[in-house]
Amino acid sequence: MSDRNGGVSRRRLFGLAGAGAAVAGLGATAGVLATARDPQVRATAVDTSAPVPFRGPHQAGIVTPAQDRMHFVAFDVTTRKREELVALLKDWTLAAERMTAGEEATQGGAVGGAPQAPPADTGEALDLPASALTLTIGFGPSLFDDRFGLADKRPEALVELPRFRGDDLDARRTGGDICVQACANDPQVAVHAIRNLARIGFGKVAVRWSQLGFGRTSSTSTTQATPRNLFGFKDGTNNLKAEDPTALAEHVWVTEGPQWIVGGSYLVARRIRMHIEIWDRTSLTEQEAIVGRAKGTGAPLGQTAEFDQVDLHVRGPGGVPRIAEDAHIRLASAESLKGARILRRGYNFTDGSDGFGHLDAGLFFICFNRDTRTQFVPMQQALSANDKMMEYLEHNGSGHFACPPGLSQGGYWGEGLLG
Amino acid sequence: MTRPKLPAALAGLAALATLAACGDSGSGASGGTPAAAGGPIAVEAKDDACGLTKAEAAAGTITFEVSNKGSRVTEFYLYGEGDRIMGEVENITPGITRRLIVEVPDGGKYQTSCRPGMTGDGIRADFTVTGAATRQADANVKLGEATKGYQRYVNAQVEPLQAKTGEFAAAVKAGKVDEAKALFPVARTYWERIEPVAESFGDLDPRIDAREADLEPGQEFTGFHRLEKDLWVSGLRADSGKIADQLVTDVNEIVTKAKAVELTPLQLANGAKELLDEVATGKITGEEDTFSHTDLWDFRANVEGSQAAVAALRPVVAERDPALAKALDEKFAAVDALLEKQRSGEGYKLYTDLTPDEVKAFAEAVDALGEPISKVAEVVAQK
């Protein structure tokens with residue numbers, strides 16, 4: 001329903017709902033407000049249907065408390081004209097800002113236009129609140145070829161990812177000139193956003209691949225409980241959190257390279273198929289040994305509670321390490337990786353079945369880091385070479401994107417790069 | 001081979017050993033109450049002293065909180081009789097407190113030790129654990145028979161493995177491509193039957209059986225699959241003979257080790273499951289023999305190896321869980337029947353000649369078998 005027709009706008013609807021939710025959630029959120037000063041963080045901690053500010057020093061959707069749903073898309077740029085690309089990025093910015101506020105992609109877009117014309121907004125998110133929608137854009141290495149004269153603006157850190165041991169990448173799920181990560185607490189809101197951006201882009205960009213995620217596998221805020229991945233384990237207990245700006249400055253926000261990327265972050269996406277059927281036949285003891293944590297509590301082996309510090313130096317009977325040499329949390333720990341950490345923001349997925357009677361399920365891994373060359377890459381090299389969990393995993397999609405910093409008033413996506 | 005690789009199998013053995021050692025199944029790491037009666041015992045570790053708030057605890061889970069009040073990096077150990085390590089925590093830097101949670105099932109005399117500088121015997125003191133040992137004697141004659149029976153099976157496989165690998169290598173070196181191609185799946189059959197055993201020997205398995213896609217950057221492509229590529233795709237190369245010689249050497253080494261290995265019943269049960277996992281992730285997808293497409297030979301061998309391990313354990317399973325024993329028989333027979341349908345001459349159809357429906361039928365039958373097989377370890381671990 002459009003404002004013009006006198007209906008309830010998405011924004012107003014959410015306002016009403018939000019009031020009730022805010023009262024109900026008051027007790028739980030009182031402590032949150034004190035710790036989360038960033039409005040992009042605070043918004044969803046308070047109310048899962050409220051909007052997250054689109055503009056700010058950093059793009060939303062990175063340290064924003066991880067929403068429950070995701071739709072990720074990678075585009076190929078099909079136009080060869082730089083000005084068309086710039087115009088598209090401006091159009092996208094307008095639509096993105098509106099949609100993250102809980103509005104249609106254009107004013108009155110769904111039903112307020114000319115009856116003879118196809119509606120400018122596809123309409124499936126009418127009546128739905130903003131649902132903490134964030135839209136995060138990134139630029140892939142391939143955009144910096146000779147098409148748009150961007151070669152000298154390519155950050156050195158925006159490398160083509162090396163081949164990791166066991167990689168089985170499908171070209172139809174890999175790469176892309178531009179990515180947009182849509183996260184929301186309502187899957188329809190996330191899909192609506194990607195669908196409308198793709199539609200606006202016809203003739204200038206084409207969808208190369210996309211991925212839905214139905215449940216978050218990481219917490220990016222101390223206000224959130226640690227969710228479980230499809231192996232049934234709490235995932236990302238030791239993730240970087242929004243409430244730790246010092247660690248974010250050290251591990252997430254870019255400080256070097258061309259000016260347009262400073263204050264941004266590098267996004268790595270990996271589609272990780274999990275052989276869940278095989279995993280499910282594995283004993284609890286072995287599952288826990290592979291992960292390095294107790295399945296129930298999430299406590300590191302040798303400790304008692306989830307957030308107890310991981311101690312790699314505790315040994316059990318016969319001097320055997322409690323956290324095995326090839327356990328996932330040992331190999332992925334900052335201690336084993338010379339201090340390297342990443343901000344994880346992955347999602348569980350199931351994409352139907354594989355034709356062999358198995359679910360095509362897994363984890364769509366997304367991480368943000370300050371320099372992929374010194375953070376994600378060494379981590380994945382260690383994991384792909386030695387992680388016992390790899391026996392149950394298959395990386396079959398991949399992408400690397402440079403996400404610029406956030407937008408100030410009046411700015412548009414990619415302005416620093418193309419403006 | 002399994003996707004990743006080297007130390008995985010070894011750690012798996014260690015994990016199994018741990019499971020076997022701490023008795024009843026399923027408790028693993030998530031069970032147990034960490035702060036047992038009396039709460040944690042504080043340990044004050046100095047450069048010249050190792051003070052405990054208590055030198056006695058009840059059998060069960062004992063928690064030590066070790067604070068380094070000295071100037072050197074230290075360690076803390078709990079020893080059983082004969083300096084058997086019950087648990088230890090290393091690398092405790094000055095000013096730091098670390099926690100050690102130890103499972104001590106049996107009462108008796110133990111020793112604690114702080115080791116400033118992380119060398120020497122440490123500063124020792126007696127530590128008494130009270131309470132009865134509740135563990136039952138583990139001497140189950142049938143389980144002992146099972147491991148011996150499987151050992152005989154392994155011994156029966158390694159000799160033809162050695163012989164056929166030798167013939168295969170000789171054919172490669174003589175440039176007899178057709179003969180080598182015919183011997184390739186035959187030699188691999190013996191290998192695939194005992195693969196979980198072979199995998200427990202560190203880097204030998206990747207040298208013999210690594211798939212090209214699973215190589216680490218910089219790792220040389222050697223073994224069966226390298227020669228497979230030479231024979232089916234690129235043609236024999238200058239160093240094919242050298243690769244064949246190395247394969248023979250590596251296989252001989254595996255054979256020596258496999259004859260000496262001592263397996264526990266739990267390892268047998270898990271080995272049977274791992275062989276099925278191999279089929280499900282590698283053979284059903286046609287990834288194992290990606291150049292020769294002789295995956296069904298390997299498939300058959302994995303299933304036979306799995307069946308041999310289960311057969312060794314079968315008397316125990318039949319006694320403790322007759323329904324499971326029956327289910328295993330039925331599901332093995334179902335997989336067997338499907339494989340028999342794909343026979344061609346001395347061997348099997350190529351993977352690439354299977355229809356999608358046939359592949360799907362295999363996948364379903366393997367899943368149906370995998371479920372009961374995954375329950376064998378639990379039954380074997382029962383006391």
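Trainee: Let's start with helix H7 of chain B: how far does it reach from its first C-alpha to its last?
Mentor: Keep in mind that this is a predicted model. H7(B) runs over residues 240–260, which gives it 21 residues. At 1.5 Å a residue you'd expect 30 Å, and the helix comes close to that, with a reach of 31 Å.

Trainee: Which residues of H7(B) are buried, and what arc do they cover around the axis?
Mentor: The buried set is B:Ser240, B:Ile243, B:Ala244, B:Leu247, B:Asp250, B:Val251, B:Ile254 and B:Val255. An α-helix has 3.6 residues a turn, so residues three or four places apart point the same way. The buried residues sit on the same side of H7(B) because their arc is only 150 degrees.

Trainee: And which exposed residues does the face turned away from that buried side carry?
Mentor: First, the covered side: helices H2 (141–173), H4 (195–199), H5 (204–209) and H6 (224–234) of chain B are among what covers the buried residues of H7(B). The face turned away from the buried side carries exposed B:Lys242, B:Thr256 and B:Ala260.

Trainee: Is A:Gly410 buried or exposed?
Mentor: A:Gly410 belongs to the loop between strand S11 (393–403) and helix H11 (415–418) of chain A. Exposed means 12 or fewer other C-beta atoms within 10 Å. A:Gly410 has 8 of them, so the call is exposed.

Trainee: Over to the interface: how many nonpolar residues are on the side of chain B that touches chain A?
Mentor: There, 47 residues of chain B are in contact with 42 of chain A. Helix H1 (6–21), strands S6 (85–92) and S7 (97–104), and helices H8 (265–283) and H11 (356–374) of chain B each supply at least two residues to that side. By class, it has 13 charged residues, eleven polar ones and, to answer you, 23 nonpolar.

Trainee: Which residue is the bridge partner of A:Val314 in S6(B)?
Mentor: Strand S7 of chain A, residues 314–315, pairs with S6(B) in the antiparallel sense, over two bridges. For A:Val314, the partner in S6(B) is B:Val89.

Trainee: Last one: which helix gives the most to the largest nonpolar core?
Mentor: That core has 169 residues, and those touching the most other members are A:Leu133, A:Ala182, A:Ala190, B:Leu313 and B:Val366. Leaving out residues up to four places away in sequence, B:Leu313 touches B:Ala146, B:Pro265, B:Leu268, B:Ala269, B:Val376 and B:Val380. A second, separate core has 22 residues, including A:Val314 and B:Val43. As for the largest core, the top giver, with twelve residues, is helix H9 (residues 295–320) of chain B.

Note on methods: Residues are numbered from 1 along each chain as its sequence is written. Chains are lettered from A and ligands numbered from 1 in the order in which they are written. This is a predicted model: local features need pLDDT of at least 70, side-chain atom pairs count only at pLDDT 80 or more; totals for chains, interfaces and linings use all residues. Helices (H or I, at least four residues) and strands (E, at least two) are DSSP runs, numbered from the N terminus. The expected span of a helix is 1.5 Å times one less than its number of residues. A residue is buried if 20 or more other C-beta atoms lie within 10 Å of its own, exposed if 12 or fewer, and partly exposed in between; C-beta atoms are placed from the backbone. The arc is that of the directions from the helix axis to the C-beta atoms. Two residues are in contact if their C-beta atoms, placed from the backbone, lie within 7 Å. Ala, Val, Leu, Ile, Met, Phe, Trp, Tyr, Cys and Pro count as nonpolar, Asp, Glu, Lys and Arg as charged, and the others, Gly among them, as polar. Two strands pair if DSSP finds at least two bridges between them. A nonpolar core is a set of buried Ala, Val, Leu, Ile, Met, Phe, Trp, Tyr and Cys residues joined through C-beta atoms within 7 Å.
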